[in-house]
Amino acid sequence: MRDGDIARSIALRPIATVAESGLGLNADQIISYGCHKAKIASQVVTSASKNPRGKLVLVTALNPTPAGEGKTTTSIGLSDGLNRIGVRAAVCLREPSLGPCFGMKGGATGGGYSQVAPMQDINLHFNGDIHAVTAANNLLASIVDNHLYWGNRLSLDPAQVSWRRAIDLNERVLRKLPLDIRGELGREGAFDITAASEVMAVLCLASDIADLEKRLGDIVVGRQFDGSLIRARDLEVQGAMTALLVDALAPNIAQTLEHNPAIIHGGPFANIAHGCNSILATRTALGLVDVVVTEAGFGADLGAEKFFNIKCRQSGLRPSACVIVATVRALKMHGGVALDDLGRADVEAVSRGMANLHRHVRNVQGFGVEPVVAVNHFSADSDEEIDAIRSALEGLGVRVVLAKHWADGGTGATELAEAVMERIEGASGDVKLLYEDEMPLIDKIRTVATRIYGAGDVQFDEQAAHDLQALQGAGYGHFPACIAKTQYSFSADPNAKGAPDGHVLPVRGVRLSAGARFVVVLCGDIMTMPGLPREPAAKAIGVDSKGRIFGL
């Protein structure tokens, strides 16, 4: 059966029942959005997030194929598996963006018997959070241009306005466009996808409503003619932006197909943003259950690195265990097999592709966490290919678990759950961040490039080098670097598979995210506004005669 058919075949429980049985919350402690969705009430978020007593498990992956390797599916399956072995667990995920939903990747609610539901609601307009982020982002943009229209009291230089508009769709024609403000007064504008908006990052990194408003006020929108920074608070708009986001700040509750709680909140991409669900959702879950499973987007070179160096740095959270999701097909791709041939058994290609997984394992170990490798099982995988993965990791002392949660739900992930609990029980708690706050920005970028990506050097174009020096001098040097690059390779070249060494990371631009408290570093051809593929996933989505959405 297809994912949608599987999801429809299982009767969901009322969300109040799931909240009570899985999180210990009564009906007065949630805000229902219909029968199967809810938000956690603010008083619960406040109390639970200040007492994160549970253990945190990070799920990451190797560099994926274009179809993805099932990291979200594995996170859900692991959560169900933990509950099946008697551990009170919840999964914390990001909210899907409409961009990939209608673009190349499709929905992001897991697959097979390891899904979160209601799938169509979560994939499309889930409780309005992403729309609220879009509105807050664009309110600030309209206030900026309105300020220019009405005389420009702050002497904002139109040519140095850095704030962009946002939309939660892939739309390449919005990467650059002229803005006519008044008469001959105009400027060049642009859109980012909402997942790349600084407002999204702020929502996901804020610790409470007061911190949210402060961070929104800190957002830099441009410069005066003399070069001085202008922030959102100078335009007196942070209060209105907070008002748009006050409901969106509350984490959402849904359920897995096995009726275990799923807390889904925030949606930054990992290739162009920091790739983690909200700090509030994670901390709240840790205050309500014993083990929380969360994911970090794409491969560990992006999502896990940013999870440690941005989310952990700003929140104080520390994972007790880490799962690296691998697939036979991705290893064959990194071993040189073309995408159209990944369905054919090829043990030698799997062995060659292990270089990619080895580097991810060593990188995670470098953060002080011993990973478990979960091989997300596909029916075409041969026993010989699975054995090749096991034998290649034996020398590193890494436990390899064959996970069959897609086909068997939580039952297919109980071995993985047991392996994760062993890691939790043996965890030292000594998580190491990659660099100190005091390290200069340029050196932070070089450290990530050389130690995580295997690069030989970093090449900064002239403007990027100038901007980094200016940010360092302006007092932003203590911020972490949020590197935006392709998810398909350790390098900035998506075609460089395996574990390339000695390559040069090309940095072509930097953006200050003062509210999110990091600096975005744009590398290679990465775009903060993706385009649609030749055959968008939207063409397969529709509504049947019974009003049911299909194709997600």
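## Buried contacts, cores and voids in a predicted model

Apart from neighbours within four places in sequence, Q115 is in contact with D3, I6, A7, I76, T109, G110, Q255, T256 and L257. The model is predicted. Q115 sits in strand β6, residues 114–117. Is Q115 buried or exposed? Its relative accessibility is 0%, so Q115 counts as buried. The side chain of Q115 has polar partners on the backbone. A polar atom of that side chain lies 3.0 Å from the backbone oxygen of D3. A polar atom of the Q115 side chain also lies 2.8 Å from the backbone oxygen of G112.

**Backbone geometry**

Most residues other than glycine have a negative phi, and most peptide bonds are trans. Some places in this model depart from that pattern. The peptide bond that joins A117 and P118 is cis, with omega about 5°. P118 belongs to the loop between β6 and α6. S155 and R517 have positive phi values, and neither is a glycine. The table sets out these two residues.

| Residue | Phi | Loop | Relative accessibility |
|---|---|---|---|
| S155 | about 55° | between α7 and β7 | 34%, partly exposed |
| R517 | near 65° | between β21 and β22 | 24%, partly exposed |

Partly exposed covers the range between 20% and 50% relative accessible area. S155, at 34%, therefore falls in that class. R517, at 24%, does so too.

**A buried loop residue**

V289 is found in the loop between α11 (279–286) and β15 (291–295). V289 is nevertheless buried, with a relative accessible area of 0%. Which residues is V289 in contact with, leaving aside its neighbours within four places in sequence? They are G22, L23, R53, G54, R88, A89 and A90. V289 and K55 are 234 residues apart in sequence, yet their C-alpha atoms are 8.6 Å apart in space.

**Helix α9**

Helix α9 spans residues 209–218. Its buried residues are D211, L212, R215, L216, G217 and D218. An α-helix has 3.6 residues a turn, so residues three or four places apart point the same way. The buried residues of α9 pack against α8, β11, β12 (229–231), α10 (238–245) and α12 (300–315). At the N-terminal end, D208 caps α9. A side-chain oxygen of D208 lies 3.2 Å from the backbone nitrogen of A210.

**Nonpolar cores**

In soluble globular proteins, nonpolar side chains tend to be buried together. The largest nonpolar core here holds 137 residues. Which of its residues touch the most other members? They are L140, L357 and V373. Helix α7 gives the largest share of this core, eight residues. Not counting residues up to four places away in sequence, L357 touches L62, I324, A326, L331, V373 and L393. Another core, of 30 residues, lies apart from the largest one. Its members include L78, L82, A262 and V323.

**The cavity**

The structure holds one cavity of 30 Å³ or more. The largest cavity has a volume of about 60 Å³. Its lining is made up of E95, P96, I122, L124, H125, F126, G128, D129, I130, H131 and D168. The elements that give two or more residues to this lining are α6 (119–124) and α7 (129–149). Helix α7 supplies the largest share, three residues. By class, the lining has five nonpolar, three polar and three charged residues.

**The second largest pocket**

How much space lies in the second largest pocket? The volume is about 1400 Å³. There are 48 residues in its lining. Nearest the pocket centre lie V161, S162, R164, V510 and R511. Several elements each give two or more residues to the lining. The helices among them are α8 (198–205) and α19 (462–476). The strands are β7 (165–167), β9 (185–189), β10 (191–193), β11 (220–223), β21 (504–513) and β22 (518–523). By class, the lining residues of this pocket divide into 25 nonpolar, eleven polar and twelve charged.

Notes: Residues are numbered from 1 along each chain as its sequence is written. This is a predicted model: local features need pLDDT of at least 70, side-chain atom pairs count only at pLDDT 80 or more; totals for chains, interfaces and linings use all residues. Side-chain values use heavy atoms; hydrogens and water are left out. On a 1 Å grid over the protein atoms alone, a cavity is a set of points where a 1.4 Å probe fits but cannot get out, and a pocket is an open set with protein on both sides within 12 Å along at least five of seven lines; lining residues have an atom within 4 Å of a point. Grid points are joined across faces, edges and corners, and a volume is the space filled by probe spheres set on the points. Helices (H or I, at least four residues) and strands (E, at least two) are DSSP runs, numbered from the N terminus. Ala, Val, Leu, Ile, Met, Phe, Trp, Tyr, Cys and Pro count as nonpolar, Asp, Glu, Lys and Arg as charged, and the others, Gly among them, as polar. Buried means under 20% relative accessible area, exposed over 50%, partly exposed in between (1.4 Å probe, protein chains only). Contact means heavy atoms within 4.5 Å. A polar contact is a pair of N or O atoms within 3.5 Å; within protein, one must be able to donate a hydrogen and the other to accept it, and residues adjacent in sequence count only if both atoms are side-chain atoms. A nonpolar core is a set of buried Ala, Val, Leu, Ile, Met, Phe, Trp, Tyr and Cys residues joined through side-chain atoms within 4.5 Å.
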